[in-house]
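Thanks for making time for this one; I would like to walk through the structure residue by residue and element by element, and I will try to keep to what the coordinates show. Please have the structure open while I talk.

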Amino acid sequence: MRKFLMLFALLMLSGVWLFAQTHTINGTVRDNTGNPIPFATITESGTKHATTADANGAFLIKIHPDAKLTVTAAGHAPQTITPEGDNVQIVLKTTASELAEVVVTSAYGIKREQKVTPYSSQVISDKDLHIIPETNINSALAGKIAGVQFRGQSPMKLNSQGFLRIRGSLGLTGDISAVYVIDGTPTTSFDIDPDDIQDITVLKGANATALFGDIAKGGAIVINTKKAAPGKTEVQLDQSVSFDNVSILPVYQNKYGGGSSSDFLQFTWQPGMPDAWQPLNGKYYPDYTDDASWGPRMVGQEYVPWYAWNPNNPESGTTAKWLPQPNNARDFYNTGVTSNTNVSFSKSGQGSSIKIAYTNNSIRGLLPNSSSIRNTVFTTISENLGDHFTAGINLTYTNNVIKGEFDDGYANQSSGSFDSWFHRDLDMNKLREYKDILTPAGTFMSWNLGSNPTSASAVPSVYRGNYWYNYYSYFDALSLKQTRDHIVGNISLTYKLNRTFHITGTIRKDAISNLYENIVPSILQASGKQTGLLASYATGNLTGESLTAPNTIGFDVVAGYTNSFIDNKLSLNLTAGASDVRYKFYSNEEATVNGLNTPNLYAISNSAGPATITNNRNQWETRAVFGAGDIEWNKIFDVSFALRNDWYSVLLPTNNSLLSPSAGVSFFFSDLTKNSLSWLSFGKVFASWGKKPTSGLSPYATNFTYTINQNKWGANFLTTTPNTAIDPNIQGALITSYEGGLDLKFINNRYGLNITYYNETSASAPYSLAISGYSGFTSYLTNISKIARDGIEIQATADIMRKRDFTWNVNATFSKILSDVIKQTDSSYDNVQISSGAYFSGIVPPKVYQLAPVLYDGSGNKVTDANGKYIPHQYTWGQLVGTAIKRNSAGLPEIDPNSLTYATDQFHDFGTVLPSINGGLVNTFTYKNFIVNFSIDYQVGGKFFSLSEMWGTYSGLLAPTAATNDKGMNVRDPVSVGGGVHVVGVSSVDEKTPVDAYVDAQTYFHGLGGGNAISDYFVHSLTYVKLREVSLGYNIPVEKFTKAQWIHGITVTATARNPWMIYRETQNFDPSEISGVYGEDGQYPGTRGFGFDVRLIF
Amino acid sequence: MITRNKIVLGLSALSFLALQSCNKIKDFKDLNTNPNQTTSTIPSALLANVTANLGGNLVYDGGGLNTVCGLYTQYFAETQYTEVSTFVTKPSNNFDGYYSGPIEDLQNIIKYNSDPATAGDAAVYGSNNDQIAIARILRAQYVKFVTDAVGDVPYFDALKGNAGLVTPAYDKQQDIYADLVNELTQAVAQFDDGPTVQGDLIYNGSVSAWKKYANSLRLMLAINMVSVDKATATTDFQAALNDPAGVISSVSDNANLAYPGGVYLNPFYNYYNITQRFDYALSNTVTNILNATTDPRVNIYGSSGKGFPVGLSRDHALAYQSANSDWDDLIYGGNNNEFSQSTTPITIISAAYIDLIRAEGAEEGLSSEDPVALYKAGVQASFDQYGLGSATTFLGGSSVALTGGAGDLQKICTQEWLAAFPAGEEGWNTTRRTGFPAIVPGPDAVAGAGVSVPTIPSRFPYGVDDYTYNTSNVAIAAKRYAIGGTDDSQYAKIWWNQ
């Protein structure tokens, strides 16, 4: 690398004295809003001498003295000027009949006009990105890009970004993230401030991402930050506030309260019990220790509430009425408040451009004691150093402090209780009211008593939570804090030899330093009986966010050559370069073990057991050389190609190189038909092919290494044999990608349609295959399984109304995955598992497989070969497989006639987790000074498994557990009087004798859930249609009200997030925010937000 | 033209340097060498790891496979979620983890000591032969543990993942048993009394002790075969007894794992004090037997003699808890409790148990030893193990003393079962093999698929891992355990339990 840099410097020095003789004009072309117009053509009037502006509108041209310049650009009226001085600012008027040219940005900041690219790409403008203020770039993109599924996460999880899944999955290990590239520098989705974004280009196919190499195998989200508008000095101030509330909760039953049986227990006061309990003698209480709601019917009868047992409460010794609390789970959550302040300053002129922005994003979370404060300083500077050199710097620094616990897994202390283990009779206001009042034992009182008040010896346990705390006490006491400092940016020096050749050297850095400190206070340990929480302190310093989001430092040198020949008919663009990127993820982590010696001292030295100390170091590197180019003929034909070779440190040294070529062609047929088909404003047909490299390995994966256990046993140290066997011939892989399509615009570009078909095949990629432990190993790192996927993507735009006072613009996307298939290349593996859900106490919920374990025939029977072996099957990616009710050939459930329990099929295939159709719709209306925007997104298909529902029915919390049966009785009523769940099917013994019976509700639902994990009722579709964003804005016509020159614009906007779930197939959750690939374990509820935004421009 | 030449020159220089560096560009030196871990195999550290986990795996695993065995044989009762003891839940344990964990570590020790290329390095940690022999004994121990739970398992094709064999076939238990006996016999003969093996947390490398351990395991294998292949059982039983190295026969021979504390805690202590779950209690089946004979071990196994009733439904179990607030007979109970300290040793195989196995064998005619003397020695050894002094009075009790009559086998097996406590699978082996002590399902137990009355499972079905990663092979084995129309039934019987 050093050699490249030296050479680069040499080249630059040698060039300085080469030119200076003629009259050089530099300048910038922009539109009447101040935005640069890229790729405008600047011609010396009356000659064929011309140049093309770059993507930022800047150009350099040598002309004769006194010559005029003619400037033309698509979508704009041409203009001729007489340059005064060496630097000119040219403003072109936008013409209504043509659309402004869309510019695609790819690797190393290389820009191209979208109309010539031979691949599908989509550019999201600032406007569409900011329909409502979003703090997370991924959610801002939801539904706006064809071929992209947004796997959202609950806004309660302040540390979560969600995930953009592009064109289904090509990952054997699960989803592969797209790379986020900000001003040419690769980073992750963390800390990208949507306020600083000018536009986003989303690239998907191999030709589009050719120069990125390995990092873009999952696609690329390429971000251009906002730059100073030429010749302008501007200050902008933007303030938004939004309020979020819980909107979608599971449908609970509100008839029966907490406990394990339908009768109350009677309290008898005994000597040794607190005197404060005496008034309760003879009163009735539910079984507090059980955390299910199979208790008595709630009809207002007198009972002893949990808080009555704490003698320190004002309501100690009192009774209450046993009544439904339909909104208790909803009442728990705060109103989340998000405030976002953005101030920016920009100035540009005379070869110098600077922009500085500061954003403060403060969130008070919906969960108690949760917050996120993010401060971002963003600066971009570009400075011409003489005629040939330009120095640039882009730098974003972010400090983000996130507090709170965001566990949405099984048994978390909010949704993990409300939906799985809870008492439906609980009044949340009482929990809030008494959260700080300690018991005589100095503990927090819980609704879920560690023991019922049956004896004096039980008293200490009464004062401790059995499985659950008072949620408010818990969240208030717990202290989890992470502080992330993130710098991403680059410094570059460009040498522009002349208008045809330039070379740029860039140093890029993406560095995260993450410090976390987590405290479980001693009082929580003291207040719990079986909560499993020990007082603890844990801290860690991470250099990098994770192995998949490491710190990087990269060096690249890219040379570009642009020229046109033969009366500008043939234009040529060539790029060549080299890069070296070094990755690093270090962690130093410490945690106390088995509690603390002395309470309330949160220090590693206070650990009761030997503290855990982990020190992990990971470094790796990728080197590459590349070249690319495109040739355009007469605006009719364009050919582009690229070649890149990568060398990876993570691969075996003997085989660590991957060569990835790509090529594409575009044909602009509308040029030939513009007379015959005048309604066709633009028509392009394009096709491309390419290979994407993937090393597929994490650092040191090829090492067969032993970890030394930190703790010695006496004088002995311990180690264990690695669980991954390694194929000695492990190698990287290439993903072959084809795409092709049509890009059409009609009637003066008012309507646009882009249709793309893609097809990708992955060679046998390296994969750590989970294998039977009987082999001595749990995984085998080898090259296995080809993946093939294809699909179509459609993007349609329409300017339905283009009046002066009224415009209506629609942008719609649609994508359908036609297939996403795994072909096994080695029949010795029975199947490949991707991920599994919560797994504990022998409970086995469905897992996601890449391959279903066995092939089924049309009637659901497993197909066997001649030797009686089941045949493994080639299958769609991401099958959800788990235990289901066994059905006979007629589809009737098989029921054991003795126990009336369902016979089961342990490996039922519930279908893929991948939605087949995704899309969205963005609508923009402007009427005079009003702007209305809204976005809708939708998906069809895809399955998820709900562990919450499984336990929620097991525990008698959800509506079906207190439904009315077909005899008009509640299912909880005794079977003898007409209650019970109606069970209909056939005998599992002969698969035909009808079984028709009523089963006690608790027995029935316990039989479905628990260890049996019969998942038929807990697997649902991810299908939904959602109105995600709405904004109503008003541009205050400041010029009418004030003569003040200093203010240029005021916009006031009212916004709504998730105002309307138009349709969803599943009843209990927001299907767009399911937490895991396979489903959820303790999903947070869906939310809805309203807010406003004020923007001032000075 | 000067310009163009300079460019050409520059580009040529670039190409030249690029070519120069082409060989270097693919060379990352030692960048991909893991700085956090070692590539060296250290057999003593592997053996230390395997022996450190024996107590947790084979005696008490806090809710795992061995605990479920303990629930089936009614050592323990479930106090809250009772679906295992009421047979509502079909067991769903995995077994392959024993292979990829301890068994592979042992295999690795054997391989490292056997391969001529590495044997020299391995010898630093003790005699090659002695290391191999100890590893073979423990490997046999673990395979016995797995096959006794489930029946047919991968054996002859197992542990070959690094040769690419990832879906091993399921071998017949009978064949596995024969090979285990053979392995143990060979292991005993393999010891060469060379330099002491390092990393052995049980016997500190004592060859004579490991020989006794191996011979004791041979007895345990042989006694299991008594009803299906008495001839082989007799041969193997006598061969083990006649081995000059002897069997575990005094408390000082016991295979004890002494926990050092810190992060290595007695598994009972760990479960109740660190995990802080109270799902399991001492059962009333155990306390009823102990109380009926005024057995002093009642204060060792529990603290009050009031065991928790077995096989109640959840609401009945919770009701029992409410109505019996003085109930405190959890294993984790009072401070006088044998299993309550963080450093309390766990006994993997005891002289008491082996004596009583020998008594059972003698009673069954596998040997000509004196069952009465062995019975007395076994009970005394159990008392000695817990520091309870002389068992003479206890042994004189009318329901304890052997009479030479038909009830003797029941008494022997009951004491054997009590001596094996709390190792769930060993206890379950006794009740499955002999029917003694008689264990009946709890009051709220249910009949599962394929049985008409509530029945204690007699084996574990294959685990999800078997079906997931070894689908084709497990399907063949599952058919061998069909009951009614259900393959792989937990109510089917394994080979030696026919």
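Let me begin with Gly609 of chain A, which is buried, with a relative accessible area of 8%. Before going further I should say that this is a predicted model, so please take every value today as computed from a prediction. Gly609(A) sits in strand S31 of chain A, which covers residues 607-633. Leaving aside residues up to four places away in sequence, Gly609(A) touches Val593(A) and Asn594(A). The C-alpha atom of Gly609(A) is also separated by 7.3 Å from that of Gly595(A), and these two glycines are 14 residues apart along the chain.

Staying in chain A, I would turn to Ser242(A), which lies in strand S17 and, at 13% relative accessibility, counts as buried. What does Ser242(A) touch, if we do not count residues up to four places away in sequence? The list is Gly336(A), Val337(A) and Thr338(A), together with Arg1057(A), Phe1090(A) and Gly1091(A). For one of these, Phe1090(A), the C-alpha atom is separated by 5.3 Å from that of Ser242(A), although the two residues are 848 residues apart along the chain.

Strand S17, residues 233-248, comes up again when we look at the surface, since this strand is one of those supplying at least two residues of a nonpolar patch. The others in chain A that each supply at least two are strand S22 (336-349), strand S23 (352-364) and strand S25 (389-403). The patch is formed by Val235(A), Leu237(A), Val343(A), Phe345(A), Ile356(A), Tyr358(A), Val377(A), Leu395(A), Tyr397(A) and Ile487(A), and together they have about 720 Å² of accessible area. As one example, Leu395(A) has its place in strand S25, and with a relative accessible area of 35% Leu395(A) is partly exposed.

Next, a point about backbone geometry, for which the background is that most residues other than glycine have a negative phi, and most peptide bonds are trans. Asp191(A) has a positive phi of about 60 degrees although it is not a glycine. This aspartate lies in the loop between strand S14 (185-187) and strand S15 (197-203) of chain A, and at 6% relative accessibility Asp191(A) counts as buried. In chain B there is Gln74(B), again not a glycine, with a positive phi of about 65 degrees. Gln74(B) is placed in the loop between helix H4 (65-72) and strand S1 (76-78), and is buried, with a relative accessible area of 5%.

Where in chain B is Pro422(B), whose peptide bond I come to in a moment? Pro422(B) is found in the loop between helix H18 (408-420) and helix H19 (424-434), and the peptide bond leading to it from Phe421(B) is cis, with omega near 5 degrees. The bond from Phe436(B) to Pro437(B) is cis as well, with omega near -15 degrees, and Pro437(B) is found in the loop between H19 and helix H20 (464-469).

Stepping back to chain B as a whole, we have 21 helices and four strands, and a C-alpha trace that spans about 115 × 55 × 50 Å along its principal axes. Of its 498 residues, 62% count as buried, while the chain exposes about 17000 Å², of which carbon and sulfur atoms supply 52%. Among contacts in chain B with a separation of 6 or more, 74% come from residues 24 or more positions apart. Within this chain, helix H5, residues 96-114, bends by about 45 degrees at Ile103(B), and H5(B) is mostly covered, with 15 of its 19 residues buried.

Last, the cysteines, which may matter for your own reading of the model. How many disulfides are counted over all chains? The count comes to zero. Cys69(B) is in no disulfide, and the nearest cysteine sulfur, that of Cys413(B), is 18 Å away; a pair would have to be within 2.5 Å to qualify. Cys413(B) is likewise in no disulfide, its nearest cysteine sulfur being that of Cys69(B). At 0% relative accessibility Cys69(B) counts as buried, and Cys413(B), at 0% relative accessibility, counts as buried too.

Note on methods. Residues are numbered from 1 along each chain as its sequence is written. Chains are lettered from A and ligands numbered from 1 in the order in which they are written. This is a predicted model: local features need pLDDT of at least 70, side-chain atom pairs count only at pLDDT 80 or more; totals for chains, interfaces and linings use all residues. Side-chain values use heavy atoms; hydrogens and water are left out. Buried means under 20% relative accessible area, exposed over 50%, partly exposed in between (1.4 Å probe, protein chains only). The bend at a residue is the angle between axes fitted to the seven residues ending there and the seven starting there. Patches are made of residues with over 30% relative accessible area and no salt bridge: like charges are joined within 9 Å, nonpolar side chains (Val, Leu, Ile, Met, Phe, Trp, Tyr) within 5 Å. Accessible areas come from the Shrake-Rupley method with a 1.4 Å probe; for residues, only the protein chains shown count as cover. A salt bridge is a side-chain nitrogen of Lys or Arg within 4 Å of a carboxyl oxygen of Asp or Glu. Contact means heavy atoms within 4.5 Å.
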